[in-house]
Amino acid sequence: MRNAIIECAKKYDADVVTFTSASKFPADDAIFKIFPEVKTVIGLGFRVLRGAYRGIEEGSTYYQYTTMGVENMEETVMPMVSVRLSMLLEEEGYSA
């Protein structure tokens, strides 16, 4: 299952996929409020394109970072990976 998760996440543009035991989180963490029976937490990482910083570095414009570096990732790329992984997990009988 681990390899299927990594393959799916990378297919939909996650750059980093990690797994950790839920026991590493404090007992009052939000993950236990959402899924009290959670055993494994999947972490996903996404790169912000280097060009999004250029206007900030040059002092000419700042909007590329917020529109492409943050909003596009949070509203387009990251949700697609999350939904696809959730679908994969639920097809295998897990709650996601």
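These are my notebook entries on the pockets, a salt bridge, a helix and a few single residues of this structure, which is a predicted model.

**Entry 1: the largest pocket**

I began with empty space, since rolling a probe the size of a water molecule over the atoms shows where such space is left. The largest pocket holds about 820 Å³ of space. I counted 21 residues in its lining, and those closest to its centre are Val38, Thr40, Ile42, Leu89 and Ser95. I then asked which elements give two or more residues to this lining. They are the helices α1 (2-11), α2 (30-34) and α4 (63-91), together with the strand β2 (40-45). Sorted by class, the lining of the largest pocket is made of 14 nonpolar, four polar and three charged residues.

**Entry 2: the second largest pocket**

The second largest pocket has a volume of about 170 Å³. Its lining includes Asp13, Asp15 and Arg47, and I also noted Leu49, Ala52, Met68, Gly69, Asn72, Met73 and Val77 there. By class, I recorded five nonpolar, two polar and three charged residues for the lining of this second largest pocket.

**Entry 3: the salt bridge**

Side chains of opposite charge can pair when their charged atoms come close, and I looked for such pairs next. How many salt bridges does the count give? The count comes to one, and the partners are Arg47 and Asp15, whose side chains meet at 2.8 Å, N to O. The pair links distant parts of the chain, for Arg47 sits in the loop between β2 and α3 (54-58), while Asp15 sits in the loop between α1 and β1 (16-21), 32 residues apart. I also looked up how open each partner is: Arg47 is exposed, with a relative accessible area of 53%, and Asp15 counts as partly exposed at 25%. Both residues also belong to the lining of the second largest pocket, as I had written in the entry before.

**Entry 4: the faces of α1**

An α-helix has 3.6 residues a turn, so residues three or four places apart point the same way. With this in mind I asked which residues of α1 are buried. They are Ile5, Cys8 and Ala9. Seen down the axis of α1, these buried residues fall within an arc of 95 degrees, so they line one face of the helix. On the face turned away from that buried side, I found the exposed residues Asn3, Glu7 and Lys11.

**Entry 5: Asp13, just after α1**

Most residues other than glycine have a negative phi. Asp13, which follows α1, has a positive phi, near 85 degrees. I placed this residue in the loop between α1 and β1, and Asp13 is also one of the residues that line the second largest pocket.

**Entry 6: Leu44 and Val48**

Leu44 is found in strand β2, and I noted it as partly exposed, with a relative accessible area of 29%. What does Leu44 contact, leaving aside its neighbours within four places in sequence? The contacts are Ala9, Ala14, Val16, Val17, Val81 and Leu85, and of these Ala9 is one of the buried residues of α1. I also compared positions: Leu44 and Tyr12 are 32 residues apart in sequence and 11 Å apart in space, C-alpha to C-alpha.

Val48 lies in the loop between β2 and α3 and is partly exposed, with a relative accessible area of 26%. From Val48 to Asn3 I noted 45 residues in sequence and 25 Å in space, C-alpha to C-alpha.

Technical notes. Residues are numbered from 1 along each chain as its sequence is written. This is a predicted model: local features need pLDDT of at least 70, side-chain atom pairs count only at pLDDT 80 or more; totals for chains, interfaces and linings use all residues. Side-chain values use heavy atoms; hydrogens and water are left out. On a 1 Å grid over the protein atoms alone, a cavity is a set of points where a 1.4 Å probe fits but cannot get out, and a pocket is an open set with protein on both sides within 12 Å along at least five of seven lines; lining residues have an atom within 4 Å of a point. Grid points are joined across faces, edges and corners, and a volume is the space filled by probe spheres set on the points. Helices (H or I, at least four residues) and strands (E, at least two) are DSSP runs, numbered from the N terminus. Ala, Val, Leu, Ile, Met, Phe, Trp, Tyr, Cys and Pro count as nonpolar, Asp, Glu, Lys and Arg as charged, and the others, Gly among them, as polar. A salt bridge is a side-chain nitrogen of Lys or Arg within 4 Å of a carboxyl oxygen of Asp or Glu. Buried means under 20% relative accessible area, exposed over 50%, partly exposed in between (1.4 Å probe, protein chains only). The arc is that of the directions from the helix axis to the C-beta atoms. Contact means heavy atoms within 4.5 Å.
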